[in-house]
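User: Please take a close look at one part of the structure shown here, and then place it within the rest of the chain.
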Amino acid sequence: MPAVQAGDIPDLVIGALNAKGAPNFVNLLPSQQRYEVFGSMYKKRKKIPGGRGLEKQIALDATSTAEMTGLYDVDNYQVNSHLATLTVPFRHTKDHYTWDRREMLFNEGSGGPANPAVKIVDILQPREINTFTSIANLMETQGFGVPSSSSDTDSVYGFRYWLPSSATTGFNGQNPSGFSDKGGIDASTKTNFRNYTAEWTDVSRTDLAQKMAVGFRQIRWKAPHTTKDAQSESFSNYKIYMRGTTIDDLELIGEGQNENIGKNIGMFNGNNLPGFYKDGVGDLTFKRIPLCWVPSEDDQSDNSVWMINLDSFYIITLKGDEMVRTQVQIPNQHNNFAVWIDLTWNMVLENPRSCARFIKAS
């Protein structure tokens, strides 16, 4: 096989990276211990084949036309509108890395005649992995965030957009601050499009734990039947997210309980309320659903606890623009190239009533 020539290198780079194997270096690039948005949520994304986003009809406005009647009563007719349109536009994320044509020539043929692209992968793979890590970090903060205002057309519709907080207990999560709607639906008037909210002060059985138990029942969740789901990390599509210190405090409640009742810290004053358990691998769970630490939440002052139904809350992507590589020659630098990675996406919550947010009192 002939040696790699200068003109072959640009095309060879993308081909070699597409066929790359596992990294052959120690990867200490991630700045977070786990990634929920780029991790489990992105893996379960829904691909939209075209268009500028997602539009979906949501049945919201219930009417009560049932009535008692007698023999030969005159019928009353009423035409009702029940549908509202949920609209979620796409947002775009990008990042890049660069390389110089001569970097490859310095290592020409290092993989031997049968595989001259080996060294190319060795040189560029850490740069590409760093770029993906950078995108993952941005997706995590975007995913748990909210656009700065209604005129912010770059940011994703994250957790704090779809699930506004309220100090009042009940379905009081209306429109996010600075917005007249969420996803095109005005939750200030459409009461069925609000998420459950509550405020807590202490991580205790009678405060946060009890409010979580009540909220869980209010949003009509059905707990997974076995701990096997939790151990395999499928969780039957339910997850609970929070900062690390909140999980630590809940662990202390479990450790301090009477051993006769085990690790169930959801039994309040003898009431048979389902609650917290230790699963088979030692993690604290709520209704057999593991509590998930989100490192990006550790610095958030509201100390939110999120109950999320992932059947209703998911990521959408534009089919054909999911971590796509595009290589360009850098203007005025004829030996230098850049590889751009692009993603078109957003986050959708179809049914806010199936989710809850608990914030700590300030």
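What is the relative accessible area of asparagine 303, and does this residue count as buried or exposed?

Analyst: Asparagine 303 is buried, because its relative accessible area is 7%; buried means under 20%, exposed over 50% and partly exposed in between, with a 1.4 Å probe and protein chains only. The model is a predicted one, in which local features need a pLDDT of at least 70 and side-chain atom pairs a pLDDT of 80 or more, while totals for chains, interfaces and linings use all residues. Residues are numbered from 1 along each chain as its sequence is written, and side-chain values use heavy atoms, without hydrogens and water.

Asparagine 303 is located in the loop between β10 (289–293) and β11. Helices (H or I, at least four residues) and strands (E, at least two) are DSSP runs, numbered from the N terminus. Although asparagine 303 is not a glycine, its phi is positive, at about 50°. Asparagine 332 offers a second case, with a positive phi of about 65° although it is not a glycine either. Asparagine 332 lies in the loop between β12 (313–329) and β13, and with a relative accessible area of 84% it is exposed. A positive phi, near 60°, also belongs to arginine 220, which follows helix α6.

Strand β11 (residues 305–309) contains tryptophan 306, whereas phenylalanine 144 lies in the loop between α4 (118–143) and α5; the aromatic pair that they form therefore ties together parts that are 162 residues apart in sequence. Rings of Phe, Tyr and Trp (its six-membered ring) pair if their centres lie within 6.5 Å; planes under 30 degrees apart count as stacked, over 60 as edge-to-face and the rest as tilted. For phenylalanine 144 and tryptophan 306 the centres are 6.4 Å apart and the planes stand at 65°, an edge-to-face arrangement. Both phenylalanine 144 and tryptophan 306 are buried. Ring pairs join these two with Phe159, Tyr241 and Phe313 in a cluster, and the structure holds 15 aromatic pairs.

Phenylalanine 159 leads from this cluster to the nonpolar core. Leaving aside residues up to four places away in sequence, phenylalanine 159 touches Met41, Gly143, Phe144, Gly145, Tyr241, Trp306, Ile308, Phe313 and Met347, where a contact means heavy atoms within 4.5 Å. A nonpolar core is a set of buried Ala, Val, Leu, Ile, Met, Phe, Trp, Tyr and Cys residues joined through side-chain atoms within 4.5 Å. The largest core has 48 residues, of which Phe159, Trp162, Tyr241, Ile308 and Met347 touch the most other members. Strand β13 (residues 336–349) supplies the largest share of this core, with 8 residues. Another core, apart from it, has 22 residues, including Ile240, Ile247, Ile253 and Ile289.

The loop between α4 and α5 also holds tyrosine 157. Tyrosine 157 forms a stacked pair with tyrosine 161, 4.1 Å centre to centre and with 20° between the planes. Tyrosine 157 counts as buried at 11% relative accessibility, and tyrosine 161 is buried at 1%. The C-alpha atoms of tyrosine 157 and valine 146 are separated by 6.0 Å, although the two residues are 11 apart along the chain. Beyond residues up to four places away in sequence, tyrosine 157 touches, among others, Thr87, Pro147, Trp162 and Met347.

Two charged side chains also meet rings, where NZ of Lys or CZ of Arg is within 6 Å of the ring centre and within 35 degrees of the ring normal. The charged end of arginine 45 sits over the ring of tyrosine 42, 4.1 Å from its centre, and lysine 46 lies over the face of tyrosine 314, 4.0 Å from the ring centre.

For the chain as a whole, the secondary structure comes to 8 helices and 14 strands, and 46% of the 362 residues count as buried. Among contacts between residues at least 6 apart in sequence, 75% join residues at least 24 apart. The mean pLDDT, the predictor's confidence in each residue from 0 to 100, is 80 for the chain, and 72% of its residues reach 70 or more. Confidence is highest in helix α5 (residues 159–162), at a mean of 98, and lowest in helix α7 (residues 228–231), at 44. Over residues 226–235 the pLDDT is below 50. Where pLDDT is low, the predicted coordinates should not be read in detail.
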